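Here is a short tour of a protein model, going from its overall build to one of its sheets. Have the structure open and follow along.

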Amino acid sequence: MSISSVLVLPYPAQGHVNPMMNFSQKLVEHGCKVYFVNTDFNHKRVVSSMVEQQKSLDESLLKLVSIPDGLRPEDDRKVFAKLFEATQSTMPSMLEKKIEEIHLNSEDRISCIVADVNMGWALNVGNKLGIKGALFWPASAAMFAMQCNIPTLIDNGIIDSDGIPTTKKTFRISPTMPLMDTESLLWSNVGDSINVKRIVNCLKHCAGTTNLTEWCLCNTTYELEPEVLSFVPKLLPIGPLLRSYDNKSVNARSIGQFWEEDLSCMDWLDQQPHHSVLYVAFGSITLLDHNQFKELALGLDLTNRPFLWVVRQDSNCTNKITYPDEFLGSKGKIVSWAPQQKVLRHPAIAGFVSHCGWNSTMEGLSNGVPLLCRPCSCDQFYNKKYICDELKVGLGFESDENGLLSRWEIKTKVDQLLSDENIRSRSLKLKENVISNIAEASMSSENFCKFVKWLKD
């Protein structure tokens, strides 16, 4: 049987690239060849972050390629509305050209396109070229249900036709699903009402592409979201999708990162007592203003615990952030980007201060690490509520009247989280349930194998 060549297309953001790269590595392990398509802009970042040992990546089975995203180099790609519209209007023709180029310059024939739901237009490209397709959803099943039910939310008066909440209220998408609120909408905190309208229109269009395929895969598990998955039976859980490392090398780095991972933090963690370190990371997009950065730094000092803090170097591009004079930081280590999955599975880690992106959530849950939640945008507010109120494996912070998270609140919640044996016990039990899905014959594993069999038929 010939090797199936699969083209994988993530939405151009780190939080979407990561799970689709994990997914791609699993495809390779199951005997497929993968063409991983980033935008030109992100492809350059990925390649520049790769150290020399990674640049010798065996491209016989995993090949990194790219196409333009339709934006200028100086455009801000964190403006979601602009990026959404650019990808939908300019990338389809670029993808078609890339596939034709692959077919012309190699013996490979793309047999399937697996696209992020928010890049679902790629399945139309596949249909045109006679290539079958599947969709991948990188967030929680609940957020998939929300995106697919935007018309219902409008009909029920939860939001208006532009996606703006009609009032602050709680609601359920189905009677069996967890309670949601209008402040936890997927498109919350993404800009003004004009940008919200543009994004909601794009999301509705993307949701419509789920009718183009029988396969819609998601990085979750039945144990984590049973009610949602019963409500949306088309969505197949294949999680947790965890990073594959070369176990022969302690210096192995993950592929697909926009910044180079600083592995020195692993040596540092080795020197710390078990369950002593607070890991602090807010993902690839969140930027803290000067006041919040200062309070976070001083709050970490107040805990009097060792901490590992990810402070992205590009944070200084928009805000010239400096550490406060009172900040000692002597108990901690600060890095610009960390091998997060390796960090979270290290025995020194006691808790995780997170923005609650779904990848971070899944990695935390998969390692039994209790969470302190500081959501910033998009699905993070719902994830925080689910972590704290439904799963009960984390705590949320309370901001002051100005929206500032104070140093004293940070110390109080860290102490509360790390002294709560019930939260730790639930975290470890949930870890067992989530990780069991990696085992052969588990539900997620069987779903993935069924998909691979379909690919090869």
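Counting secondary structure elements is a good place to start: the protein has 18 helices and 15 strands. Its radius of gyration is 22 Å, close to the 23 Å that the globule rule gives for 457 residues, so the protein is as compact as a globular protein of that length. Please keep in mind that this is a predicted model.

The table gathers some totals for the protein.

| Property | Value |
|---|---|
| Span of the C-alpha trace along the principal axes | about 60 × 55 × 50 Å |
| Residues that count as buried | 59% of 457 residues |
| Exposed area | about 19200 Å² |
| Share of the exposed area from carbon and sulfur atoms | 49% |

How do the contacts spread along the sequence? Taking contacts between residues at least 6 apart in sequence, 70% join residues at least 24 apart.

Now let's turn to a sheet. Six strands make up an open sheet with parallel pairing, and their order is β12-β11-β10-β13-β14-β15. Which strands stand at the edges? They are β12 (332-335) and β15 (394-396); each has a single partner strand, so one side of each is left without a neighbour in the sheet. On average, neighbouring strands of this sheet are turned by 15° against each other, with direction ignored.

For a closer view, look at the pairing of β14 with β15. Strand β14 covers residues 371-373, runs parallel to β15 and is joined to it by three bridges. Within β14 and β15 you can find C373 standing opposite G396.

Notes: Residues are numbered from 1 along each chain as its sequence is written. This is a predicted model: local features need pLDDT of at least 70, side-chain atom pairs count only at pLDDT 80 or more; totals for chains, interfaces and linings use all residues. Side-chain values use heavy atoms; hydrogens and water are left out. Two strands pair if DSSP finds at least two bridges between them. Helices (H or I, at least four residues) and strands (E, at least two) are DSSP runs, numbered from the N terminus. Axes are lines fitted to C-alpha atoms, for helices over the stretch in contact, and angles run from 0 to 180 degrees between N-to-C directions. The radius of gyration is taken over C-alpha atoms; the globule rule is 2.2 Å times the number of residues to the power 0.38. Buried means under 20% relative accessible area, exposed over 50%, partly exposed in between (1.4 Å probe, protein chains only). Contact means heavy atoms within 4.5 Å. Accessible areas come from the Shrake-Rupley method with a 1.4 Å probe; for residues, only the protein chains shown count as cover.
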